[in-house]
Amino acid sequence: MASRTVKAPWKVFGLMSQLSAPIVAAPMNGVSGPELASSVAQAGGLGFIGAGMVKDAKDLHRDFKRAVELNGGSESRLGIGLVGFTGSWLVDTAISLRPHALWISFGDYQEAAAKIKKSSIPLMIMVQSVEEALKAGDLDADAIVAQGSESGGHGCGPTSTLCFVPEVIDALQQAGKGHIPVLAAGGIADGRQMAAALALGAAGAVVGTRFAVTKESMLSEAKKQRYVAAKAADTQRVRIYDDLGALDWPVGIDGRIIANAFTSAHGTATLTEEEQQKTAKEEIAKATQDGNLDVVPLWCGAGIGLIHSVESAEDAFNAIWSGARARLGALADAYL
Ligand SMILES: Cc1cc2nc3c(=O)[nH]c(=O)nc-3n(C[C@H](O)[C@H](O)[C@H](O)COP(=O)(O)O)c2cc1C
């Protein structure tokens, strides 16, 4: 590859002007805490704390303060991720902490989005349909995350990242909202895929699963080893945990996990018999207590087959970015 300097086109967007590479570590409930978010921020990306399920304002205060401390006393490049169906007190708490950015996804977030915009903290909205992307445009989001079906964790879009990202970009363009940066999320675990996302017109990549399998993530070592051993074909989108009430996500939203003994036994469909439901619920509750990885859900994107070890978040960040640049350079050399 010819030696090239980075022109950093993402820096024109206020939200991304302080990033050394357009890589965002997704907010992941119970996975991305202060250590992971601050390591990504220190590496030059935007690192989110997954706070959507926080039950007490004190916990978010503590976690964000810790992240700031680890980030050299700065809020720069540290974000807080929320979901649309949590209480407005959590939105107020997150705003009061003045993070670099706030992220919101799922549920009805119109009111929360308006509050965040009023606070002048940059707002990122994750969407799974073109209609939702246009709504996010109307809410004046500072960036829109287009989440494809390869994504780990919760989602609801049937469309792959490869098809969904350009469709969202075109729709926003046609609606006169082409100035809003669109970031690609779903299955992106290495530099080749990031290069592909940039080729689609994305302003950057949102990466979840690869950062979940880093030293700084909150997952246990045993869970991380399950991820390292998994391949794309081991993952599947399921709704059973939510339908059983083990989780509390709105109807219509499912999630990609590593298939396990529990999902093999019960399939992906909702259990209809009351007795079956009761037994399965008890099984999940016990497994959660015992840490039984054959039953509890391990949220995981389809890019998992490209993740071969547990590395530091900084190494993951650098590998994705240098890999993307190498691939883009090689393509330019070969085709231009
Ligand atoms: C373990 C895990 C937990 C997640 N938790 C959340 C969450 O709390 N809030 C949210 O908006 N997205 C969550 N996501 C989805 C991410 O925002 C993102 O869309 C996804 O990770 C991108 O796909 P990838 O995992 O293949 O990189 C989670 C993803 C994973 C893998």
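Which residue in E9 is the bridge partner of Leu183? I looked this up in the model, which is predicted, and found Gly204.

**Entry 1: strand E9 and its neighbours.** I began with the pairing of E9. Strand E8, residues 182–185, runs parallel to E9, and the two are joined over 3 bridges. I then followed the chain from E8 to E9: the path goes through helix H7, residues 191–199, and this β-α-β crossover is right-handed. Strand E1, residues 23–25, also pairs with E9 in the parallel sense, over 3 bridges. There I noted that Val24 has Val206 of E9 as its bridge partner.

I next asked which residues of E9 are buried on each side. Gly204 and Val206 are buried on one side, and Ala205 and Val207 are buried on the other, so both faces of the strand are covered.

**Entry 2: helix H7.** I listed the buried positions of the crossover helix. They are Gly191, Gln193, Met194, Ala195, Ala197 and Leu198. For the spacing I recalled that an α-helix has 3.6 residues a turn, so residues three or four places apart point the same way. I then looked for what covers the buried residues of H7, and found helix H6 (161–174), E8, E9 and helix H13 (313–335) among the covering elements. After H7 comes Gly201, and I recorded a positive phi for this residue, near 110 degrees.

**Entry 3: the ligand shell.** I turned to the 30 residues around the ligand; Asn29, Gly152, Gly153, Gly208 and Gly301 come nearest. I sorted the shell by class and obtained 13 nonpolar, 16 polar and 1 charged residues. I also checked which elements supply at least two residues each to the shell: strand E3 (78–83), strand E7 (153–155), strand E9 (204–207) and helix H8 (209–212) do so. E9 thus appears in this entry as a supplier of shell residues, and in the first as a strand paired with E1 and with E8.

**Entry 4: the chain as a whole.** I counted 13 helices and 11 strands in the chain. The radius of gyration is 19 Å, close to the 20 Å that the globule rule gives for 336 residues, so the chain is as compact as a globular protein of that length. I noted the span of the C-alpha trace along its principal axes as about 60 × 45 × 40 Å. Of the 336 residues, 48% are buried. Finally, I took the contacts with a separation of 6 or more, and found that residues 24 or more positions apart account for 62% of them.

Terms used. Residues are numbered from 1 along each chain as its sequence is written. This is a predicted model: local features need pLDDT of at least 70, side-chain atom pairs count only at pLDDT 80 or more; totals for chains, interfaces and linings use all residues. A residue is near a molecule or strand if its C-beta atom, placed from the backbone, lies within 6 Å of it. Helices (H or I, at least four residues) and strands (E, at least two) are DSSP runs, numbered from the N terminus. Ala, Val, Leu, Ile, Met, Phe, Trp, Tyr, Cys and Pro count as nonpolar, Asp, Glu, Lys and Arg as charged, and the others, Gly among them, as polar. A residue is buried if 20 or more other C-beta atoms lie within 10 Å of its own, exposed if 12 or fewer, and partly exposed in between; C-beta atoms are placed from the backbone. Two strands pair if DSSP finds at least two bridges between them. A crossover is right-handed if, with the strands pointing away from the viewer, the path from the first strand over the helix to the second runs clockwise. Two residues are in contact if their C-beta atoms, placed from the backbone, lie within 7 Å. The radius of gyration is taken over C-alpha atoms; the globule rule is 2.2 Å times the number of residues to the power 0.38.
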